[in-house]
Amino acid sequence: MPHPSYLTLGSEVAAALEAGKPVVALESTIITHGMPHPDNLAMARRVEALVRAEGAVPATIAIMDGRIRVGLDDADLERLAETGQAAAKASRRDVAALLASGALAGTTVATTMQAAAMAGIRVFATGGIGGVHRGASESFDVSADLEELGRTPVAVVCAGAKAILDLSKTLEVLETKGVPVIGYGTDAFPAFWTRDSGLKAGLRADDAADVARILSVQFALAMGGVLIANPIPEAAAMDKAEIDGFIATALAAADAEGIAGKAVTPFLLGKIVALSGGRSLAANIALVENNARVAAGIARALASSPAAQRQR
Ligand code: PSU
Ligand code: MN
């Protein structure tokens, strides 16, 4: 366990965990760096409401005032949303320095998994994980999300990896790290803005109970994270040729402007929102909402599974 003074659980989250009730972790880099204001705030509020409507307690996670906060109130969400990219983007390597300085930071998938595991939360919803960037053989840009999935026992519900990445290399690294990738109601690995990347997820589950059965065994064996790849709803999906065009333009702009390191993903997402006239943002919001609903169902199934009862 981490030193208790660095981890602060919201009272509702603490009570739910104590009682073995379902809790869903939510990340905050998507709020600070993933979407423009005020859409980011509306998204954060709505995702929490959807988790509640599905019978689970939302735990949005961020680094604030020298603490890893698990479970935020509305004023906290506002502060993150309004600070936006002026807040830090906390990856695993940044955590200690950010806690030491007391700075405000959105937590990435990697850091949110780390915090969720510290708090005892097993299920986490996001938009799309980071992965292996195109051109990674030269840049070595591989998201810390993949490393974290390999070592931290949390189930991450996402709409695949963002299609700005090299998805085939991303799946290869997930295999190397020993991460089960479960297509939710699909054999395909989804591509964030579209439902099918043309690659296979590897495993398939058709409902929450199906997923919970695998998670119970994975966690009992202490084997690290699981990726649940839940495709964007049909009605919200973008046209593949169109989004591919925006991605190519955004990648060329990033190259021309010399964007590197942790700035790459926020830059590309912002560029694609601008190029699509906001349609990629609407799709991103729809897929996050869908992931929150599915994650809440999985958290419920996991909380009522025989293995969970035995562990309590
Ligand atoms: N999902 C979204 N929007 C986002 C992210 C996920 O819909 O902005 C964030 C997550 O926090 C993820 C990060 O961890 O993008 C990936 O950043 P990088 O490629 O630098 O690891
Ligand atoms: Mn990176």
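# Buried, exposed and in contact: reading the labels

Guide: Phe246 is found in helix 11, which spans residues 240-256, and the model in which we look at this residue is a predicted one.

Visitor: Why is Phe246 called buried?

Guide: The relative accessible area of Phe246 is 13%, and a residue counts as buried under 20%, so Phe246 with its 13% earns the label buried. As for its place relative to Ser280, these two residues are 34 apart in sequence, while their C-alpha atoms are 9.6 Å apart in space.

Visitor: What makes Asp76, in helix 4, count as buried?

Guide: The same cut-off applies: buried means under 20%, and Asp76 has a relative accessibility of 9%, so the term holds. Asp76 belongs to helix 4, residues 74-83, and its C-alpha atom is separated by 9.7 Å from that of Thr60, with their positions 16 residues apart along the chain.

Visitor: And Leu174, how do you know that this residue is buried?

Guide: Its relative accessible area is 0%, which is under the 20% limit, and therefore Leu174 is buried. Leu174 lies in helix 9, residues 167-176; from Asp244 it is 70 residues away in sequence and 23 Å away in space, taken from C-alpha to C-alpha.

Visitor: Phe140 and Phe192 seem to invite a comparison; why is Phe140 called exposed?

Guide: Exposed means over 50% relative accessible area, and Phe140 has 69%, so the word exposed applies to Phe140. Phe140 lies in the loop between helix 7 (136-139) and helix 8 (144-151), and although Phe140 is not a glycine, its phi is positive, at about 60 degrees.

Visitor: What makes Phe192 count as buried?

Guide: Phe192 has 1% relative accessibility, under the 20% cut-off, and so it counts as buried. Phe192 is placed in the loop between strand 10 (188-189) and strand 11 (199-200), and it too has a positive phi without being a glycine, here of about 70 degrees.

Visitor: While we are on the backbone, which residues does a cis peptide bond join?

Guide: The cis peptide bond joins His37 and Pro38, with omega at about 5 degrees; Pro38 lies in the loop between helix 2 and helix 3 (39-53).

Visitor: Turning to ligand 1, how do you know that Lys89 makes a polar contact with ligand 1?

Guide: An N or O atom in the side chain of Lys89 is 2.6 Å from an oxygen atom of ligand 1, and since a polar contact is a pair of N or O atoms within 3.5 Å, this pair qualifies. Two further distances can be set against that limit: a polar backbone atom of Val109 is 2.9 Å from an oxygen atom of ligand 1, and a polar side-chain atom of Ser143 lies 2.7 Å from an oxygen atom of ligand 1. Taken alone, ligand 1 exposes 470 Å², of which the protein buries 94%. Helix 2 (29-34) and helix 12 (264-275) are the elements that give two or more residues to the shell around ligand 1, and helix 2 gives the most, with 3 residues.

Visitor: How many residues surround ligand 1, and how do they divide into nonpolar, polar and charged?

Guide: There are 18 residues around ligand 1, the closest being Glu27, Lys89, Ser143, Asp145 and Thr265; the shell divides into 4 nonpolar, 10 polar and 4 charged residues.

Visitor: Why does Lys89 count as buried?

Guide: The relative accessibility of Lys89 is 16%, which is under 20%, so Lys89 counts as buried. Lys89 has its place in strand 5, residues 88-90, and in an unreviewed entry UniProt lists it under "binding site" together with Val109, Ser143, Ala144 and Asp145. These listed residues are spread over 57 residues of sequence and yet cluster in space, the largest C-alpha distance being 13.0 Å.

Visitor: Which residues does UniProt list for "active site", and why is Glu27 called buried?

Guide: For "active site", the unreviewed UniProt entry lists Glu27 and Lys162, and of these residues Glu27 is included in the lining of the largest cavity. Glu27 lies in the loop between strand 2 (23-26) and helix 2, and its relative accessible area of 9% is under the 20% limit, so Glu27 is buried.

Methods:
Residues are numbered from 1 along each chain as its sequence is written. Chains are lettered from A and ligands numbered from 1 in the order in which they are written. This is a predicted model: local features need pLDDT of at least 70, side-chain atom pairs count only at pLDDT 80 or more; totals for chains, interfaces and linings use all residues. Side-chain values use heavy atoms; hydrogens and water are left out. A residue is near a molecule or strand if one of its heavy atoms lies within 4 Å of it. A polar contact is a pair of N or O atoms within 3.5 Å; within protein, one must be able to donate a hydrogen and the other to accept it, and residues adjacent in sequence count only if both atoms are side-chain atoms. Accessible areas come from the Shrake-Rupley method with a 1.4 Å probe; for residues, only the protein chains shown count as cover. Helices (H or I, at least four residues) and strands (E, at least two) are DSSP runs, numbered from the N terminus. Ala, Val, Leu, Ile, Met, Phe, Trp, Tyr, Cys and Pro count as nonpolar, Asp, Glu, Lys and Arg as charged, and the others, Gly among them, as polar. Buried means under 20% relative accessible area, exposed over 50%, partly exposed in between (1.4 Å probe, protein chains only). UniProt positions are given in the numbering used here, feature names are shortened, and annotations may be inferred rather than shown by experiment. On a 1 Å grid over the protein atoms alone, a cavity is a set of points where a 1.4 Å probe fits but cannot get out, and a pocket is an open set with protein on both sides within 12 Å along at least five of seven lines; lining residues have an atom within 4 Å of a point.
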